[in-house]
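Please read this note with the model open beside you, and look up each residue as it comes up. The points go from the whole chain to single residues.

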Amino acid sequence: MREFPLPDLGEGLTEGEILKWLVQVGDVVELNQPVVEVETAKAAVEIPAKWAGKITSIFHDEGTVVDVGSPIFAVDTDPGAGDLPEPSAASLAAVEIAPAEGAVEPGLIGGPAPGGRTAVLVGYGPKTGAAKRRPRKGAGVPAANGVPVAAPAPVAPEPVRAAPEPVRPAAVAPAPRSGGSTVAPGGLVLAKPPVRKLAKDLGVDLRTLTGSGPLGSITRDDVHLAASGSATAAEPAPVGPGTAAPAFGPDREQRIPVKGVRKLTAQNMAASAFTAPHVTEFLTVDVTRSMKALDRLRGRREWRDVRVSPLLLVAKAVLLAVGRHPMVNSTWAGDEIVVKEYVNLGIAAATERGLIVPNIKDAGRLTLRELADAMTALVQTAKTGRTAPADMSGGTLTITNVGVFGVDTGTPILPPGESAILAFGAVREMPWVHKGKVKVRQVTTLGLSFDHRIIDGELGSKFLRDVGDFLADPEAALLGWT
């Protein structure tokens with residue numbers, strides 16, 4: 001029998017949530033057969049069995065968060081040997097304790113066991129000490145000399161006679177609206193004794209006032225206003241639906257546990273926002289030529305089955321601009337700046353479990369067709385929740401496509417360890433000055449956030465300008481830069 005602990009899935013993860021069991025107790029599994037689906041702080045992962053055998057126990061239900069290293073199920077690696085029959089209660093009671101003179105090795109049946117107990121067939125048997133139990137209510141109370149004194153016998157209560165119905169006044173002033181109630185049940189006015197005396201001295205009838213104090217009680221100011229003739233008489237409360245004050249309480253609130261992807265995202269964003277000094281710059285670009293280039297690309301025979309989107313050209317523009325400004329693709333490491341010669345290009349993706357940022361490894365070495373295929377596979381895998389933890393680690397620069405939500409641009413927060421992130425806004429038809437005339441052109445806005453410890457204003461502006469130049473005229477940029 002072997003217990004399978006929740007493994008460390010990488011990136012320093014300390015816990016995971018059981019999403020779905022793929023087997024049941026009694027199932028026979030093969031080596032490397034998926035057994036359970038676990039959601040870590042980064043993705044949903046299927047965990048395979050390390051041994052072949054029969055599932056004998058499942059220790060955690062679906063939806064439970066389990067620490068790394070805790071057992072999650074047990075496997076009988078030799079199911080052919082059969083299981084021992086479960087002993088009945090009668091057989092357990094019939095087990096005799098070995099006599100004192102027959103020394104038995106500890107841990108064997110009849111031998112000593114932890115806690116002063118005696119080992120039996122199952123467990124460690126009963127404790128040797130006398131059982132202690134809490135005294136019941138009404139039991140005897142021990143006296144000072146140790147002799148218990150019996151508790152007095154309960155006396156049957158006398159039947160309670162119904163109280164006479166109070167005499168109600170002939171007429172009661174109507175109660176004010178909710179929130180300003182002055183007349184309490186029984187016709188009593190809510191007012192303190194000093195306020196009552198003041199009203200009597202000034203000749204003010206408290207029943208005609210609407211209180212402004214707590215719970216609608218009448219205050220001294222209410223009495224003075226009434227005496228001066230500027231108070232408003234209480235109005236009868238309307239009867240019917242809609243008269244109750246709105247209620248604000250837990251029954252109208254929703255509490256969502258923060259865990260998994262959302263928890264990790266919150267931690268990373270808070271750490272990044274208060275660690276790296278962010279600067280964001282914006283650039284509005286006429287991308288009409290890029291949109292026409294995409295149309296021509298889709299018409300080519302070898303590209304007809306490829307997903308082609310404006311994000312593809314944005315990714316290509318970023319990769320080329322990094323080649324011209326390598327410092328943008330770097331990391332702050334305390335006493336030094338690490339400039340990376342490879343670009344692991346992250347693409348932010350919104351999923352049902354939250355925002356994740358998988359990345360394309362060494363994207364700068366890919367052709368445009370390979371880049372398109374890699375982006376399509378990355379997004380599709382992310383939407384199904386099957387992104388591997390390795391695909392979400394090691395990113396060096398990120399693009400977030402907020403334009404798919406109809407947003408012009410944004411001020412994105414840097415992923416931890418990266419020095420720049422580009423927000424790509426929606427492409428819209430707008431009036432634009434083109435060749436000296438106002439025409440309708442396709443326009444977008446880019447937003448670049450960068451770590452000001454590494455990237456100064458000049459470098460960030462040049463990088464953003466190069467990305468914009470490529471999108472404004474991709475053919476000319478390719479001819480001029482490559």
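The numbered points below describe a predicted model.

1. Let us begin with the protein as a whole, before turning to any single side chain. The protein has 482 residues, of which 35% count as buried, and its secondary structure consists of nine helices and 23 strands. The area that the protein exposes comes to about 29,900 Å², and carbon and sulfur atoms supply 56% of that area.

2. It is also worth asking how the chain comes back to itself. If one takes the contacts in the protein with a separation of 6 or more, 58% of them are between residues that stand 24 or more positions apart.

3. How many salt bridges does the structure hold? The number is 16, and the next points take up some of them, with the position and exposure of each partner where these are known.

4. One of these salt bridges joins Arg-386 to Glu-46, with the closest N and O atoms 3.8 Å apart. Since Arg-386 sits in the loop between α7 (368-383) and β20 (397-400), while Glu-46 belongs to strand β5 (residues 44-48), the pair ties together parts that are 340 residues apart in sequence. Arg-386 has a relative accessible area of 40% and is therefore partly exposed, and Glu-46, at 39% relative accessibility, counts as partly exposed as well. The pair does not stand alone, for Glu-37, Glu-46 and Arg-386 are linked in a network of salt bridges.

5. A second example can be found within a helix, where Arg-369 forms a salt bridge with Asp-373 and the closest N and O atoms are 3.3 Å apart. Both residues lie in helix α7, and the four residues that separate them in sequence amount to about one turn of the helix. Arg-369 is partly exposed because its relative accessible area is 34%, and Asp-373 counts as partly exposed because its relative accessibility is 38%.

6. A further salt bridge is formed by Arg-300 and Glu-302, whose closest N and O atoms are 3.1 Å apart. Arg-300 has a relative accessibility of 46%, so this residue counts as partly exposed, and Glu-302, at 41%, is likewise partly exposed.

7. Which charged residue is buried yet has no salt bridge? This is Asp-222, and the nearest side chain of opposite charge, that of Arg-220, is 11 Å away. Asp-222 is found in helix α3, which covers residues 220-227. A polar atom of the Asp-222 side chain does, however, lie 3.0 Å from the backbone nitrogen of Thr-219. If neighbours within four places in sequence are left aside, Asp-222 is in contact with Leu-209, Thr-210, Gly-211, Ser-212, Gly-213 and Ser-217, and a student could usefully display these residues together with Asp-222.

8. Finally, the surface deserves attention for its nonpolar side chains too. Met-327, Trp-332, Ile-337 and Val-339 form a nonpolar patch there, and their accessible area together is about 310 Å². Among them, Ile-337 is found in strand β15, which covers residues 337-339. Is Ile-337 exposed, partly exposed or buried? Its relative accessibility is 35%, and Ile-337 therefore counts as partly exposed.

Technical notes. Residues numbered from 1 in each chain as written. Predicted model: local features only at pLDDT ≥ 70, side-chain atom pairs only at ≥ 80, totals over all residues. Heavy atoms only, no water. Helix = DSSP H or I, 4+ residues; strand = E, 2+ residues; numbered from the N terminus. Buried < 20%, exposed > 50% of the residue type's maximum accessible area, 1.4 Å probe, protein only. Lys, Arg positive; Asp, Glu negative; His and termini not counted. Salt bridge = Lys/Arg side-chain N within 4 Å of Asp/Glu carboxyl O. Polar contact = N/O pair within 3.5 Å; in protein donor to acceptor, adjacent residues only side chain to side chain. Contact = heavy atoms within 4.5 Å. Patch = residues over 30% accessible without salt bridge, like charges linked within 9 Å, V, L, I, M, F, W, Y side chains within 5 Å. Areas by Shrake-Rupley, 256 points an atom, 1.4 Å probe, with all protein chains shown as cover.
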